[in-house]
Amino acid sequence: MVKIAPSILSADFSKLGDEIREVEKAGADYIHIDVMDGMFVPNITMGPLVVEAIRPVTSLTLDVHLMIEQPERYVEAFAKAGADIISVHVESTKHLHRTIQLIKSAGVKAGIVLNPHTPVEAIRHCLGDADLVLVMTVNPGFGGQSFIKETVIKIQELNEIRNTERYNYEIEVDGGVTDETIALCTNAGADVAVAGSYVFGKSDREGAIQALKQAVK
Ligand code: DX5
Ligand code: ZN
């Protein structure tokens with residue numbers, strides 16, 4: 001069964017607590033939190049304060065996706081705020097292996113993110129340490145973009161490496177996930193699908209989450 005991680009980037013920020021309670025009730029598995037700094041990506045969103053505010057609202061896994069330069073500077077703050085998973089882009093940190101160890105030593109699961117153009121090979125030697133690999137299926141920065149099909153091959157590659165090496169990471173996809181694209185990802189081996197506009201853009205959140213789960217059956 002695929003896990004669904006609604007991205008609060010597309011939620012109504014004026015009532016964020018209610019939005020999160022609603023998707024939890026509707027069957028969400030993780031809450032995906034997109035952190036952007038206006039440097040690594042053009043957009044600016046939220047920081048540890050927002051994670052801290054959300055933490056008491058839900059018992060779901062808080063899946064924090066850092067799209068910021070030198071994310072190692074903020075690992076401790078996000079861990080203290082209540083993140084369960086912290087994921088960093090390979091391009092954003094000079095010493096990826098060290099950053100992964102830092103995340104784990106803070107008691108949080110460590111994820112590595114691949115941009116659409118980044119090959120799996122770029123993180124090959126860190127895969128044994130990863131708890132999650134996030135394959136971007138759009139260019140990071142904004143919700144509501146179209147799915148880039150060329151990224152699916154990397155899901156397959158990651159799945160094969162996981163089987164061969166007996167690694168334990170989850171494979172997550174992020175961007176342009178709809179009832180039409182989700183099966184491409186799960187058939188290739190994805191376990192978790194982030195969905196922003198598809199879930200929060202609809203008034204019937206339960207219907208949206210169920211439609212995604214049904215589409216992979
Ligand atoms: C993009 C973010 C995504 C975004 C997905 O940079 O990482 O998590 O919210 O939005 P949708 O599902 O609308 O493509
Ligand atoms: Zn994201």
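**The surroundings of ligand 1**

Mentor: In this predicted model, 20 residues surround ligand 1, and the closest are Asp 34, Gly 141, Asp 174, Gly 196 and Ser 197.

Trainee: What makes a residue one of those that surround ligand 1?

Mentor: A residue counts if one of its heavy atoms lies within 4 Å of the ligand. There are 20 such residues around ligand 1.

Trainee: Why is the pair formed by Asp 34 and ligand 1 called a polar contact?

Mentor: A polar side-chain atom of Asp 34 lies 2.7 Å from an oxygen atom of ligand 1. The cut-off for a pair of N or O atoms is 3.5 Å, so this pair qualifies. His 65, at 3.3 Å from a ligand oxygen atom, and His 32, at 3.4 Å from one, also have polar side-chain atoms within that limit. In addition, the protein covers 100% of the 390 Å² of accessible area that ligand 1 has on its own.

Trainee: What makes one say that ligand 1 sits in the largest pocket?

Mentor: The rule asks that more than half of the atoms of a molecule lie within 2 Å of the grid points of the pocket. Ligand 1 is placed in the largest pocket, and therefore meets this rule.

Trainee: Which elements give two or more residues to the shell around ligand 1?

Mentor: They are strand 2 (30-36), strand 3 (61-67) and strand 8 (192-195). Strand 2 gives the most, with 3 residues.

Trainee: How are the residues of the shell around ligand 1 divided by class?

Mentor: The shell has 8 nonpolar, 10 polar and 2 charged residues. Gly is counted as polar, which means that Gly 141 and Gly 196 belong to the polar class.

Key:
Residues are numbered from 1 along each chain as its sequence is written. Chains are lettered from A and ligands numbered from 1 in the order in which they are written. This is a predicted model: local features need pLDDT of at least 70, side-chain atom pairs count only at pLDDT 80 or more; totals for chains, interfaces and linings use all residues. Side-chain values use heavy atoms; hydrogens and water are left out. A polar contact is a pair of N or O atoms within 3.5 Å; within protein, one must be able to donate a hydrogen and the other to accept it, and residues adjacent in sequence count only if both atoms are side-chain atoms. Accessible areas come from the Shrake-Rupley method with a 1.4 Å probe; for residues, only the protein chains shown count as cover. On a 1 Å grid over the protein atoms alone, a cavity is a set of points where a 1.4 Å probe fits but cannot get out, and a pocket is an open set with protein on both sides within 12 Å along at least five of seven lines; lining residues have an atom within 4 Å of a point. Helices (H or I, at least four residues) and strands (E, at least two) are DSSP runs, numbered from the N terminus.
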